[in-house]
Amino acid sequence: MIGGQMWQILLNLMSAPIVARLNYKQIILLIHKPNHEDQEVWKELVESGQVVPIVYREYALSEAAQAIRDIGEGRVKGKAVVSIKKTDV
């Protein structure tokens with residue numbers, strides 16, 4: 001999944017055929033402009049339990065680099081969560 005500035009997206013799209021062949025993966029472009037109605041539908045699906053996010057692992061902030069490595073190496077199936085927990089002072 002990519003996002004960012006338009007030049008970054010275009011660069012990724014132009015290099016997609018080469019990357020896909022080298023990694024034996026399919027690259028698909030999804031363009032979505034969120035709106036209030038869509039968000040309400042998602043909210044209802046999540047609240048009813050019809051859509052359940054899959055969390056692969058929760059990483060501490062100090063493990064953020066490992067989370068990025070795991071995602072890059074394809075080990076993550078679902079979402080990788082990096083937690084920032086407030087500590088008592």
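Modeller: Let's pin down one term first: a salt bridge is a side-chain nitrogen of Lys or Arg within 4 Å of a carboxyl oxygen of Asp or Glu. Bear in mind that this is a predicted model.

Colleague: Fine. What pattern does the chain follow, read along the sequence?

Modeller: The chain has three helices and two strands. Put in order along the sequence, those elements give the pattern α-α-β-α-β.

Colleague: What share of the residues counts as buried?

Modeller: The cut-off is under 20% relative accessible area. The chain exposes about 8300 Å², with carbon and sulfur atoms supplying 61% of that area. Among contacts between residues at least 6 apart in sequence, 18% join residues at least 24 apart. Of the 89 residues, the share that counts as buried is 8%.

Colleague: On to the charges. How many salt bridges does a search of the whole structure find?

Modeller: Side chains of opposite charge can pair when their charged atoms come close. Searching the whole structure for such pairs, the number of salt bridges found is four.

Colleague: How far apart are N and O in the salt bridge of Glu 63 and Arg 57?

Modeller: Neither partner is hidden away: Glu 63 is partly exposed at 29% relative accessibility, and Arg 57 is partly exposed too, at 32%. Their side chains meet in a salt bridge, with an N to O distance of 3.1 Å.

Colleague: And which residues do salt bridges that share partners join into one network?

Modeller: Start with Arg 75, whose side chain meets that of Asp 70 in a salt bridge at 2.5 Å, N to O. Arg 75 also forms a salt bridge with Glu 73, where the closest N and O atoms are 2.7 Å apart. Through shared partners, the network joins Asp 70, Glu 73 and Arg 75.

Colleague: Take the two ends of that 2.5 Å bridge. Is Asp 70 buried or exposed?

Modeller: Its partner Arg 75 is partly exposed, with a relative accessible area of 39%. Asp 70 sits in helix α3 (residues 64-72). With a relative accessible area of 4%, which is under the 20% cut-off, Asp 70 counts as buried.

Colleague: Which side chain does a polar contact of 2.5 Å join to that of Asp 70?

Modeller: Leave aside neighbours within four places in sequence, and Asp 70 is in contact with Arg 57, Tyr 59, Arg 75 and Val 76. Within that set, the polar contact of 2.5 Å joins the side chain of Asp 70 to that of Tyr 59.

Colleague: Over to strand β2. Which side chain makes a polar contact of 2.3 Å with Ser 83?

Modeller: Ser 83 lies in strand β2 (residues 79-83) and counts as buried, since its relative accessibility is 15%. Beyond its neighbours within four places in sequence, Ser 83 is in contact with Glu 58, Tyr 59, Ala 60 and Leu 61. The side chain that joins it at 2.3 Å is Glu 58.

Colleague: Now helix α2. How far apart are its end C-alpha atoms?

Modeller: Helix α2 runs over residues 36-48, which makes 13 residues. At 1.5 Å a residue, the expected span is 18 Å, because the rule takes one less than the number of residues. The model agrees, with the end C-alpha atoms apart by 18 Å.

Colleague: At the start of α2, which backbone nitrogen does a side-chain oxygen of Asn 35 reach to within 3.1 Å?

Modeller: Asn 35 belongs to the loop between α1 and α2 and is partly exposed, with a relative accessible area of 29%. Its side chain reaches the backbone nitrogen of Asp 38 at 2.8 Å. The backbone nitrogen that a side-chain oxygen of Asn 35 approaches to within 3.1 Å is that of Glu 37.

Colleague: What about the other end: which residue takes a positive phi just after α2?

Modeller: Helix α2 covers residues 36-48. Just after it, a positive phi of about 85 degrees is taken by Gly 49.

Colleague: Last one. How much accessible area do Met 6, Leu 10 and Leu 13 have together?

Modeller: Look at Leu 10, in helix α1 (residues 6-23). Leu 10 is partly exposed at 43%, and patch members need over 30% relative accessible area. With Met 6 and Leu 13 it forms a nonpolar surface patch, whose accessible area is about 280 Å².

Note on methods:
Residues are numbered from 1 along each chain as its sequence is written. This is a predicted model: local features need pLDDT of at least 70, side-chain atom pairs count only at pLDDT 80 or more; totals for chains, interfaces and linings use all residues. Side-chain values use heavy atoms; hydrogens and water are left out. Patches are made of residues with over 30% relative accessible area and no salt bridge: like charges are joined within 9 Å, nonpolar side chains (Val, Leu, Ile, Met, Phe, Trp, Tyr) within 5 Å. Accessible areas come from the Shrake-Rupley method with a 1.4 Å probe; for residues, only the protein chains shown count as cover. Helices (H or I, at least four residues) and strands (E, at least two) are DSSP runs, numbered from the N terminus. Buried means under 20% relative accessible area, exposed over 50%, partly exposed in between (1.4 Å probe, protein chains only). A polar contact is a pair of N or O atoms within 3.5 Å; within protein, one must be able to donate a hydrogen and the other to accept it, and residues adjacent in sequence count only if both atoms are side-chain atoms. Contact means heavy atoms within 4.5 Å.
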